[in-house]
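This briefing sets out the architecture, packing and internal spaces of one protein model. It is arranged by topic and is meant to be read beside the structure.

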Amino acid sequence: ETLSNRYPYSCYKQVFVDEAAYDYKSYATMSILNTNLLHSAVIIDQCYITRRVMAQAIAEQFFGCFISMQNWSDMWLPKAISQYLCGLHCKKCFGNNEYREWIQSNLNNVVHYEEQYGGIILDSSQPPAPLPTAANQGGGHTKHTETQFYFSIKNLHTLSPLYIEAMYKKALLVMRMLEHRIGQELLLQVFNKQLSLATNAASQKIGSGLWIHMLISTNTFSKAI
């Protein structure tokens, strides 16, 4: 209902696995979920968690499976878009208060991580913009603060699990900042345009020149915005 494009695949299945390592994992046409998400109808509190996880798994069918990241440094972008779409669904189902509490919880977790370990860089392929110094230190000069981690943030296999978790939460907050900047309607138009280009590219059986539209990168998304 949120997106104007149809589901990109011919079917969708949900498989519940006992003692799964994660709450969910999304793959093309299928999501694997933990059996702990199943609950009785009389248990109301679990409904919020289960529906949010299921909505996130479906959102990743669009951005994550159908449209994937172009480079490792762009892995934050599909996750950010899918989380944003999941948030819109939860806001519609559970109300604005539950949605704002979820956003506030993510914000607190990101702030706590960055205060304890250092700043999170979403796109590690390019250094962050330098921060301007104070006026009394010379307004025309800038300085760049580098955060030292025990691991390299330029490779997925060397990233800390805590860093990845905090990065995904920060990615959602960045997407909400874009919503406040350009408006929800224009932001959804960008998503629909990406899906339309990817759907057109997927229908091309001969010639892979358009298949690049099935990948999304930080640069192309910034230009679309």
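Two strands are taken to pair if DSSP finds at least two bridges between them. On that basis S1 and strand S3 (residues 30-34) are paired, being joined by 5 bridges, and they run parallel. The model is a predicted one. Its secondary structure amounts to 6 helices and 7 strands, and along the sequence these follow the pattern β-β-β-α-β-α-α-β-β-α-α-β-α.

**Overall composition**

- Of the 225 residues in the protein, 36% are buried.
- Among contacts between residues at least 6 apart in sequence, 64% join residues at least 24 apart.

**The three-stranded sheet**

- An open sheet is formed by 3 strands in the order S1-S3-S2, with mixed pairing.
- Strand S1 (13-17) and strand S2 (24-27) stand at the edges with a single partner strand each, so one side of each has no neighbour in the sheet.
- On average, neighbouring strands of this sheet are turned by 15° against each other, direction ignored.
- Helix H1 packs on the sheet and touches S1, S2 and S3, and its direction makes about 20° with that of S2.
- Between S1 and S3, Lys13 has Met30 as its bridge partner, and Val15 stands opposite Ile32.
- S2 and S3 pair in the antiparallel sense over 4 bridges; Tyr24 has Leu33 in S3 as its bridge partner.
- The hairpin formed by S2 and S3 has 2 residues between the strands, and Thr29 in the turn has a positive phi of about 70°.
- Strands of a sheet pair through backbone hydrogen bonds, in either a parallel or an antiparallel manner.

**Nonpolar cores**

- The largest nonpolar core holds 40 residues, of which Phe63, Ile81, Tyr84, Leu85, Met175, Phe191 and Phe221 touch the most other members.
- At least two residues of this core come from each of helix H1 (45-62), helix H2 (76-94), helix H3 (96-116), helix H4 (161-182) and helix H5 (184-202).
- H4 gives the most to this core, supplying 8 residues.
- Leaving aside neighbours within four places in sequence, Ile81 is in contact with Phe63, Met175, Phe191, Ile216 and Phe221.
- Another core, of 5 residues, lies apart from the largest one and includes Tyr24, Leu33, Val53 and Ala57.
- In soluble globular proteins, nonpolar side chains tend to be buried together.

**Pocket and cavity**

- The largest pocket encloses about 1300 Å³ of space.
- Its lining comprises 32 residues, of which Tyr24, Lys25, Glu60, Lys79 and Tyr168 lie nearest the centre of the pocket.
- The elements that give two or more residues to this lining are S2, H1, strand S4 (68-69), H2, H3 and H4.
- Tyr24 thus appears in three settings: as the bridge partner of Leu33, as a member of the 5-residue core, and among the residues nearest the centre of the largest pocket.
- The count of cavities of 30 Å³ or more comes to 1.
- About 80 Å³ of space lies in the largest cavity.
- The lining of the largest cavity has 13 residues, of which Trp72, Met75, Ser124, Ile153 and Leu159 lie nearest its centre.

How values were computed. Residues numbered from 1 in each chain as written. Heavy atoms only, no water. Core = buried A, V, L, I, M, F, W, Y, C linked by side-chain atoms within 4.5 Å. Buried < 20%, exposed > 50% of the residue type's maximum accessible area, 1.4 Å probe, protein only. Contact = heavy atoms within 4.5 Å. Axes fitted to C-alpha atoms, helices over the stretch in contact; angles between N-to-C directions. 1 Å grid on protein atoms, 1.4 Å probe; cavity = no way out; pocket = protein on both sides within 12 Å on 5 of 7 lines; lining within 4 Å. Points joined across faces, edges and corners; volume = space filled by probe spheres on them.
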